[in-house]
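Me: Got a minute to go through this one with me? I'd like to talk through contacts, strands and surface.

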Amino acid sequence: MAMKQCPVCGEKYSDTYKKCPFCEEEEALQSGGQIRRGNAGRGGRRAARSRQPNLLSPILVVLILIMAGLLVYLLFGDKIADRLFPEEQTPPVEDVTPETPDTDTALPEEGDDVTMPEDGELAGETGGEETGTPAGEPADPSTLPETLTIAYLGSPRTEFTMSVGDEPIPLTASGGNGTYTWSSSDDGIASVDADGHVTAVSQGRATLTVTDGTGRGTCVVLVRGGSTAGTSSSGGTSSGGSLSAGAAKVVNAGNGVRVRSQPNTSSEILATLVNGDTVRILQSAGNSWYQISYVDAGGQSATGYMMGDYLSNT
């Protein structure tokens with residue numbers, strides 16, 4: 001088999017072809033036809049160079065990539081979104097409930113010096129907290145910080161006791177700008193003038209307030225029914241320091257009087273008795289205190305100490 005060279009295109013072809021296959025193929029491509037030969041695939045180099053590109057492969061690759069992306073989104077979409085767009089977390093707000101102080105309504109028992117009316121155990125009517133705004137003060141005193149100190153004869157006081165009929169007690173304030181305004185939570189129990197002089201009006205409990213406009217000070221006054229009264233609210237007569245051993249009852253107790261473990265107001269509270277409760281005076285403990293026996297809440301006999309101002313022999 002010999003090879004021929006086409007004088008038109010210059011390609012070599014087998015002498016088994018009558019005409020140049022490359023030229024025939026070129027004419028067929030230009031006219032849109034197709035050459036039919038017995039030996040398929042003999043197109044030569046020119047036929048290989050003139051073939052159309054196959055678009056199936058890139059389309060298939062794109063489809064595979066899209067399906068892979070959808071699969072990843074379905075499986076891990078939430079985690080990817082959380083990582084790319086984290087939500088701002090608001091810190092939890094803790095509810096804080098202010099504790100309500102336990103107000104002791106019973107009054108102290110221990111006596112004070114001769115000048116100051118002695119502190120008793122009288123539990124009178126409980127007055128409210130500071131309510132009104134002192135005259136001339138634009139701000140509510142209860143909203144001011146407690147920076148002032150109330151004193152009697154130079155001794156700081158937060159609480160004292162006096163009786164109806166006692167001389168007015170002069171109080172002083174310090175720690176402020178020197179211009180003070182005084183007020184009482186209940187003028188029907190204890191009143192106070194512009195100079196800090198306190199007058200007992202009736203039995204009960206009141207809160208005295210002093211303010212200088214930037215700070216305040218408070219002091220509780222406990223008013224007894226009267227230091228010279230001979231008859232108690234329960235009908236008994238208090239003998240004070242002249243009580244004798246034997247049967248007795250509670251008088252002048254208001255809302256209740258405490259029984260202590262020792263003859264002083266700083267000792268443990270054993271019980272609270274009211275007007276008319278029967279006790280037995282065992283002996284005097286000095287300083288107007290008496291050792292008594294009484295029936296406790298469990299119905300058992302017990303002993304303790306109480307001031308003579310709240311006892312009367314029967």
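Reply: Sure. One term up front: partly exposed means a relative accessible area between the buried limit, under 20%, and the exposed limit, over 50%. Also keep in mind that this is a predicted model.

Me: OK, so where does Phe76 fall, buried, partly exposed or exposed?
Reply: Phe76 has a relative accessible area of 42%, so it counts as partly exposed. Phe76 lies in helix H3.

Me: Which residues form a nonpolar patch on the surface?
Reply: Leu71, Val72, Tyr73, Leu74, Leu75, Phe76, Ile80, Leu84 and Phe85. Together they have about 1,000 Å² of accessible area.

Me: Switching to charges. How many salt bridges does the structure hold?
Reply: Two. One links Arg216 and Glu146, with 3.7 Å between the closest N and O atoms. Arg216 lies in strand E12 (residues 216-224) and Glu146 in the loop between helix H3 (56-84) and strand E3 (149-152), so this pair ties together parts that are 70 residues apart in sequence.

Me: Is that Arg216 buried or exposed?
Reply: Buried, at a relative accessible area of 13%.

Me: And what does Arg224 meet in a salt bridge?
Reply: Asp309, at 3.2 Å from N to O. Arg224 is in strand E12 as well, while Asp309 is in the loop between strand E18 (301-307) and strand E19 (311-313), so the contact ties together parts that are 85 residues apart in sequence. Arg224 and Asp309 are both buried.

Me: Next topic, cysteines. How many disulfides turn up in a search of the whole structure?
Reply: Zero.

Me: Why is there no bond from Cys6 to the closest cysteine sulfur?
Reply: Because the closest one, in Cys23, is 3.5 Å from the sulfur of Cys6, which is too far for a bond. The cut-off for a disulfide is 2.5 Å between the sulfur atoms. Cys9 is in no disulfide either, and its nearest cysteine sulfur, that of Cys20, is 3.6 Å away.

Me: What about accessibility for Cys6 and Cys9, buried or partly exposed?
Reply: Cys6 is buried at 6% relative accessibility, whereas Cys9 is partly exposed with a relative accessible area of 25%.

Me: Now strands. How enclosed is strand E17?
Reply: Strand E17 covers residues 289-295, and six of its seven residues are buried, so the rest of the structure largely encloses it.

Me: Which way does strand E16 run against E17, parallel or antiparallel?
Reply: Antiparallel: five bridges join E17 to strand E16 (residues 278-286). E17 also runs antiparallel to E18, joined by seven bridges. Ile292 in E17 stands opposite Ile281, and in E18 the bridge partner of Ile292 is Gly304.

Me: What do the turns look like, phi-wise?
Reply: The hairpin of E16 and E17 has two residues between the strands, and Asn287 there takes a positive phi near 55 degrees. In the hairpin of E17 and E18, five residues separate the strands, and Gly299 in the turn has a positive phi of about 85 degrees.

Me: Last one. In what order do the three strands of the open sheet with E3 come?
Reply: The order is E4-E3-E7, with antiparallel pairing. Strand E4 (155-156) and strand E7 (172-174) are the edge strands, each pairing on one side only. E3 and E7 pair over three bridges, and Ile150 stands opposite Ala173 in E7.

Technical notes
Residues are numbered from 1 along each chain as its sequence is written. This is a predicted model: local features need pLDDT of at least 70, side-chain atom pairs count only at pLDDT 80 or more; totals for chains, interfaces and linings use all residues. Side-chain values use heavy atoms; hydrogens and water are left out. A salt bridge is a side-chain nitrogen of Lys or Arg within 4 Å of a carboxyl oxygen of Asp or Glu. Helices (H or I, at least four residues) and strands (E, at least two) are DSSP runs, numbered from the N terminus. Buried means under 20% relative accessible area, exposed over 50%, partly exposed in between (1.4 Å probe, protein chains only). Two strands pair if DSSP finds at least two bridges between them. Patches are made of residues with over 30% relative accessible area and no salt bridge: like charges are joined within 9 Å, nonpolar side chains (Val, Leu, Ile, Met, Phe, Trp, Tyr) within 5 Å. Accessible areas come from the Shrake-Rupley method with a 1.4 Å probe; for residues, only the protein chains shown count as cover.
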